[in-house]
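Please open the structure in your viewer and keep the selection tool at hand. The tour below proceeds stop by stop, stating at each one what to select and what is found there.

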Amino acid sequence: MAENATLTIGNTSYDLQVIKGTTGPDVIDVRKLYDESGVFTFDPGFTSTASCESKITYIDGDAGVLLHRGYPIEQLAYNSSFLEVCYLLLNGELPTAAEFADFDKTITYHTMLHAQFDRFFSGFRSDAHPMAIMTGAVGALSAFYHDSINVDDPEQRKISAHRLIAKMPTIAARAYKYSVGQPFVTPRNDLSYAENFLRMAFSVPAEDWRPNPVLTRAMDRIFILHADHEQNASTSTVRLAGSSGANPFACIAAGIACLWGPSHGGANEEALMMLREIGTVDRIPEYVQGVKDRKYRLMGFGHRVYKNYDPRAKVMQETCHEVLKEVGDPDDPLLKVAMELEKIALNDEYFVERKLYPNVDFYSGITLKAMGFPTTMFTALFALARTVGWISQWKEMFEDPRRKIGRPRQLYNGPLQRDYVAIDKRG
Ligand code: CMC
């Protein structure tokens, strides 16, 4: 049953339709507002604005719920695999065994990069941040795969989605190998997605590499936990870039650039640096005081949407313990600082009042460090995993016949029209 909202400006009232989704807050449809009333709505940061319709991911931030195509993230993290989650996000349903075998094969057989592509990496300085390399390299894919950049062709959209999911681990591993001066490792088709990535990142020609099932599972789970997260900044960037008809590789490169920021994907790197800076448990109170004095933020805490415990953070915390038990030091001082900081923050009035809970980045940094990744790779791994979310959202946008170029409006506060003054007449 459609409801209406009424907006009154001066003596005129406007009826605005209220639209209901399957769950979550209703939205007020303001699409015709400007035509009818001549006013815009004002919402910097999109705190109250739905930018699109989507069937992919649902978050209830107050309840700490995250669903992909209706399935809770915890169930997917514990029972599924990253590639199965990729299929789910892209296609809307979990695959049958035959569909999965086909998808697995397609992704596996697209993992190699064009041989000329490797020259891109050597163009970077050896101390380049892997995210700088990822942004450039992923954008460059569009120069190599001309046969899948016609965005109006559903088959080409599908192929480019598969290529991106498949090639991202190869690019991320090369970005890492390049930064440590080790030779690139060619993907192997007999390994799983996570295993293949770990081998490309950590094996060296001088010795045999054997998969560690605990680390493989942890990597796969980290990928699942980062696969999609609704209309966050980088996903919205991908949609906005895609709305102009830009090719998918360019759009994903735009998403990577946005993800790099410390308020978004860069937070896992920053969270680990913060734990290092705190160093020991006895220094926590002083650090927390600095947060309250607004000298800095507690990295890995807080979220625009979650005003309850981030459900991904719970799984991440468990994975972190499993990894540390396997390869790390369970007495790692950073872990001790992390656990104590979490305890203090969860009980401190300042954080409770503002509903600041640990987010997924709080524990992912410690886990990735124990697995052998340098901090500079953390965000690159996030980008690798989030690629499926970005491309699924991008694909969904193209499947919507009402797609329009994204073009926000503004509240102009600059000077009124004035006449140009020649330089010698300016005083
Ligand atoms: N540490 C201390 N205070 C904080 C923090 C924090 N991490 N986050 C928010 N606050 C305070 C903020 O100062 C404000 O207080 P007051 O009302 O007194 O002015 C209040 O909480 C609301 O903050 P906000 O900036 O309006 O909240 P937001 O929804 O715009 O920000 C956020 C969300 C993620 C940018 C922010 O919480 C933050 O900067 N967190 C640290 C960075 C981080 O961990 N980012 C990863 C997010 S999860 C992964 C991802 O999706 O990329």
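How do the residues of the shell around the ligand divide into nonpolar, polar and charged? The shell holds seven nonpolar, seven polar and six charged residues. Please keep in mind throughout that this is a predicted model.

**First stop: the ligand**

Select the ligand together with the 20 residues around it; those that come nearest are His264, Arg294, Arg297, Leu298 and Gly300. Begin with the side chain of His264, where an N or O atom lies 2.5 Å from an oxygen atom of the ligand. Turn next to Arg294, which places a polar side-chain atom 2.5 Å from a ligand oxygen atom. Then add Asn359 to the selection: an N or O atom of its side chain is 2.9 Å from an oxygen atom of the ligand. On its own the ligand has 940 Å² of accessible area, and the protein covers 76% of that.

**Second stop: the sheet S1-S2-S3**

Select strand S1 (residues 3–9) and strand S2 (residues 12–19), which pair in the antiparallel sense over seven bridges. Two of the facing pairs may be displayed here. Asn4 has Gln17 of S2 as its bridge partner, and Ala5 stands opposite Leu16 in S2. Where the hairpin of S1 and S2 turns, two residues stand between the strands, and Gly10 takes a positive phi near 60°. Now extend the selection to strand S3 (27–28), which is an edge strand, as is S1; each of them pairs on one side only. The result is an open sheet of three strands in the order S1-S2-S3, with antiparallel pairing.

**Third stop: the sheet S4-S5-S6**

Move along the chain to another open sheet of three strands, whose order is S4-S5-S6 and whose pairing is antiparallel. Strand S4 (57–60) and strand S6 (71–72) each have a single partner strand, so each is left with one side that has no neighbour in the sheet. Select S4 with strand S5 (residues 65–68) to see the antiparallel pair that four bridges join. Within this pair, Ile59 has Leu66 in S5 as its bridge partner.

**Fourth stop: helix H8**

Select helix H8 (residues 193–202). Why is H8 described as largely enclosed by the rest of the structure? Nine of its ten residues are buried, and therefore the helix is largely enclosed. The buried residues are Tyr193, Ala194, Glu195, Asn196, Phe197, Leu198, Arg199, Met200 and Ala201. To display what they pack against, add helix H3 (82–91), helix H4 (97–108), H7, helix H9 (213–225), helix H17 (360–371) and helix H18 (378–399).

**Fifth stop: two buried residues**

Select Ser148, which lies in the loop between helix H6 (130–140) and helix H7 (154–180). Is Ser148 buried or exposed? Its relative accessible area is 1%, so Ser148 is buried. Apart from neighbours within four places in sequence, Ser148 is in contact with Gln156, Ile159, Ser160, Arg163, Pro248 and Phe249.

Finally, select Thr319, whose place is in helix H14 (residues 311–326). Thr319 counts as buried because its relative accessibility is 1%. With neighbours within four places in sequence set aside, the residues in contact with Thr319 are Ala218, Arg221 and Thr367.

Technical notes. Residues are numbered from 1 along each chain as its sequence is written. This is a predicted model: local features need pLDDT of at least 70, side-chain atom pairs count only at pLDDT 80 or more; totals for chains, interfaces and linings use all residues. Side-chain values use heavy atoms; hydrogens and water are left out. Buried means under 20% relative accessible area, exposed over 50%, partly exposed in between (1.4 Å probe, protein chains only). Contact means heavy atoms within 4.5 Å. A residue is near a molecule or strand if one of its heavy atoms lies within 4 Å of it. A polar contact is a pair of N or O atoms within 3.5 Å; within protein, one must be able to donate a hydrogen and the other to accept it, and residues adjacent in sequence count only if both atoms are side-chain atoms. Accessible areas come from the Shrake-Rupley method with a 1.4 Å probe; for residues, only the protein chains shown count as cover. Ala, Val, Leu, Ile, Met, Phe, Trp, Tyr, Cys and Pro count as nonpolar, Asp, Glu, Lys and Arg as charged, and the others, Gly among them, as polar. Two strands pair if DSSP finds at least two bridges between them.
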